[in-house]
Amino acid sequence: MIRTLIVTAALMLAAPLAAQAANCSVDLEGNDAMKFNMSNIDVSRGCKEFTINLKHVGKMARNVMGHNVVVAATADMAAINTDGAKAGLASNYVKAGDARVIAHSNVVGGGESTSISIPVAKLTGAGPFEFFCSFPGHSAMMKGTVTVKP
Ligand code: CU
């Protein structure tokens, strides 16, 4: 009986530790050459939330060479971009309330940073998933895969 309690307590302690051990965030950079420094982001299922920290390491202003990061199913990317371009910079190039968007950040300019938190439970079903910049014209170069790992 006591032994069972101890094992149960150990398991309860181990679960959050395992979640902490998984790497639940990544530092992503965008630059003045319209590029991200990564072409894939691995997301562990052990993470409840996964954070992408985006830093614009260039110098150009957000209205000229601004970057954001959007996470969505690859199949939704084109439509999100089209609607985002219409929504404009004031809406961070994402249509308000766009249900296809799993997570998105603000648009940042040179020297600025932002971050997004992705509920990992939403990265199921209709994958594959992609991260990209929805600033008009950028996603052709600024995109990569989001791979969910066990
Ligand atoms: Cu961009």
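How are the donor residues of the copper ion spaced in sequence? That was my opening question for this predicted model, and the pattern I read off is H-x65-C-x4-H.

**Entry 1: the copper site**

I looked up the donor atoms next. His-67 and His-138 each coordinate the copper ion through ND1, and Cys-133 does so through SG. The distances come out at 2.1 to 2.2 Å. I then asked where the two histidines sit. His-67 is in the loop between helix H2 (62–65) and strand S4 (70–73), and His-138 is in the loop between strand S7 (129–132) and strand S8 (143–149), so the pair ties together parts that are 71 residues apart in sequence. I checked their accessibility too: both His-67 and His-138 are buried.

**Entry 2: the sheet around S3**

Now for the strands. I found an open sheet of 3 strands, in the order S1-S3-S6, with mixed pairing. S1 and S6 are the edge strands, each pairing on one side only. Neighbouring strands here are turned by 20 degrees against each other on average, direction ignored.

I went through the two pairings in turn. S1 (residues 25–30) and S3 run parallel and are joined by 6 bridges. S3 and S6 (residues 113–119) run antiparallel, with 7 bridges between them. A reminder to myself: strands of a sheet pair through backbone hydrogen bonds, either parallel or antiparallel.

Some register notes, handy when viewing the model: Thr-51 has Ser-25 opposite it, and in S6 Thr-51 faces Ser-117. Phe-50 stands opposite Ile-118 in S6.

Which side chains of S3 are buried, and which are not? I see an alternation along residues 49–56: Phe-50, Ile-52, Leu-54 and His-56 point to one face and are buried. Glu-49, Thr-51, Asn-53 and Lys-55 point to the other face and are not buried.

**Entry 3: the nonpolar cores**

I followed the buried face of S3 inwards. The largest nonpolar core has 27 residues, and Phe-50, Ile-52, Val-71, Ile-118, Leu-123 and Phe-131 are those with the most contacts inside it. S1, strand S2 (40–44), S3, S4, S5, S6 and S7 each supply at least two residues of this core. The largest share, 3 residues, comes from S3.

I picked Leu-123 for a closer look. Leaving out residues up to four places away in sequence, Leu-123 touches Val-43, Arg-45, Val-71, Ile-102, Ile-118, Phe-129, Val-146 and Val-148. Apart from this core lies another one of 7 residues, including Met-77, Ile-80, Val-94 and Phe-132.

**Entry 4: helix H3**

Met-77 and Ile-80 led me to helix H3 (residues 77–87), whose buried residues are Met-77, Ile-80, Asn-81, Asp-83 and Gly-84. An α-helix has 3.6 residues a turn, so residues three or four places apart point the same way. I also asked what covers the buried residues of H3, and the list includes S4, strand S5 (101–104), S7 and S8. Just after H3, I noted that Gly-88 takes a positive phi of about 85 degrees.

**Entry 5: aromatic pairs**

How many aromatic pairs does a search of the whole structure find? I got 2. In one of them, the rings of Phe-36 and Phe-131 have their centres 5.5 Å apart and their planes at 45 degrees, so I logged the pair as tilted. The pair links distant parts of the chain: Phe-36 is in the loop between S1 and S2 and Phe-131 is in strand S7, 95 residues apart. Phe-36 and Phe-131 are both buried.

Definitions and conventions: Residues numbered from 1 in each chain as written. Predicted model: local features only at pLDDT ≥ 70, side-chain atom pairs only at ≥ 80, totals over all residues. Heavy atoms only, no water. Donors = N, O, S within 2.8 Å, 3.2 Å for Na, K, Ca; no water. Helix = DSSP H or I, 4+ residues; strand = E, 2+ residues; numbered from the N terminus. Buried < 20%, exposed > 50% of the residue type's maximum accessible area, 1.4 Å probe, protein only. Pairing = 2+ DSSP bridges. Contact = heavy atoms within 4.5 Å. Axes fitted to C-alpha atoms, helices over the stretch in contact; angles between N-to-C directions. Core = buried A, V, L, I, M, F, W, Y, C linked by side-chain atoms within 4.5 Å. Phe/Tyr/Trp six-rings, centres within 6.5 Å; stacked < 30°, edge-to-face > 60°.
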